[in-house]
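Please open the structure in your viewer and follow this tour one selection after another. The stops are the ligand, the space around the ligand, and then a further pocket.

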Amino acid sequence: SVCLHCLTLWERTLIAVKPDGVHRRLVGQIIQRFEQRGFKLVGLKMLKVPEDLLTQHYCQLRSKPFFPRLLEYMSSGPVVAMVWEGHKVVQASRVMVGHTNPAEAQAGTVRGDFSVLIIYRNVVHASDSLEGAQREIQLWFTGKELVNWDCCDQSFTCEL
Ligand code: CDP
Ligand code: MG
């Protein structure tokens, strides 16, 4: 959606709490970080991710040796998928989520604070670019599932 104050487009990104994060009851703490940062929640659902959605979501990784393990991990329980909106939310979320390998993730990031050394069990997904975010949001959510609304403090969270 468009910010009515600075008329720039708000970015949207896909954030998903992966099965290990759901099993470990981390959903609330992860949502809290995005709320606290000032981003706006525009979509939220819990699902057991169908295999065809997973293969489309991770299509760029299909030839990687860890791909079968990744699909197995992502199918090991439900996922909580969200769309967050805000100024530069794509890049900011990547920083908040931290390095792919939890062993290298900085303290203060979700992965650095909550995950152990096993690389692929890294708690959360965040889109890696604006184009990637648009592609992933369309894969995971229908238009009707995304809620357009104006948050009361929106004029303070745009770039004038
Ligand atoms: O999730 P992120 O964008 O940080 O990393 P990615 O390179 O897009 O990889 C997607 C996911 O594949 C990671 O989050 C890991 O769960 C998994 N992965 C893995 O199992 N083994 C690797 N060597 C690299 C990634
Ligand atoms: Mg990625």
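## Around the ligand

In this predicted model, begin by selecting ligand 1 and colouring its shell by residue class, which gives 7 nonpolar, 2 polar and 4 charged residues. The shell consists of 13 residues, and those closest to the ligand are Lys-18, Arg-94, Thr-100, Tyr-120 and Asn-122. If you then switch to a secondary-structure view, helix α4, which spans residues 67-74, supplies the largest share of the shell, with 3 residues.

Next, show the side chains of Lys-18 and Thr-100 together with the backbone of Tyr-120, and look at the oxygen atoms of ligand 1. A polar side-chain atom of Thr-100 lies 2.5 Å from one ligand oxygen atom, while a polar side-chain atom of Lys-18 lies 2.8 Å from an oxygen atom of the ligand. At Tyr-120, the atom to pick is a backbone N or O, which lies 3.0 Å from an oxygen atom of ligand 1. A surface view of the ligand completes this stop: taken alone, ligand 1 exposes 500 Å², and the protein buries 82% of that area.

## The largest pocket

Now hide the ligand and keep the space it takes, since this space is the largest pocket. Its volume is about 520 Å³. Of the 20 residues that line this pocket, select Tyr-58, Leu-61, Arg-94, Thr-100 and His-125, which are the closest to its centre. The elements that give two or more residues to the lining are α4, β4 (124-126) and α7 (130-140), and it is α7 that gives the most, with 3 residues. Coloured by class, the lining of the largest pocket shows 7 nonpolar, 6 polar and 7 charged residues.

## The second largest pocket

From here, move to the second largest pocket, whose volume is about 260 Å³. Which residues should be selected as the closest to the centre of the second largest pocket? They are Trp-10, Glu-11, Arg-12, Gln-134 and Ile-137, out of the 13 residues that line this pocket. Two elements, β1 (11-17) and α7, each give two or more residues to this lining, and α7 accounts for the largest share, with 4 residues. Apply the class colouring once again, and the lining of the second largest pocket divides into 6 nonpolar, 5 polar and 2 charged residues.

As a last selection, display α7 by itself with both pockets shown, as this helix gives 3 residues to the lining of the largest pocket and 4 residues to that of the second largest.

Notes
Residues are numbered from 1 along each chain as its sequence is written. Chains are lettered from A and ligands numbered from 1 in the order in which they are written. This is a predicted model: local features need pLDDT of at least 70, side-chain atom pairs count only at pLDDT 80 or more; totals for chains, interfaces and linings use all residues. Side-chain values use heavy atoms; hydrogens and water are left out. A residue is near a molecule or strand if one of its heavy atoms lies within 4 Å of it. A polar contact is a pair of N or O atoms within 3.5 Å; within protein, one must be able to donate a hydrogen and the other to accept it, and residues adjacent in sequence count only if both atoms are side-chain atoms. Accessible areas come from the Shrake-Rupley method with a 1.4 Å probe; for residues, only the protein chains shown count as cover. On a 1 Å grid over the protein atoms alone, a cavity is a set of points where a 1.4 Å probe fits but cannot get out, and a pocket is an open set with protein on both sides within 12 Å along at least five of seven lines; lining residues have an atom within 4 Å of a point. A molecule sits in a cavity or pocket if more than half of its atoms lie within 2 Å of its grid points. Ala, Val, Leu, Ile, Met, Phe, Trp, Tyr, Cys and Pro count as nonpolar, Asp, Glu, Lys and Arg as charged, and the others, Gly among them, as polar. Grid points are joined across faces, edges and corners, and a volume is the space filled by probe spheres set on the points.
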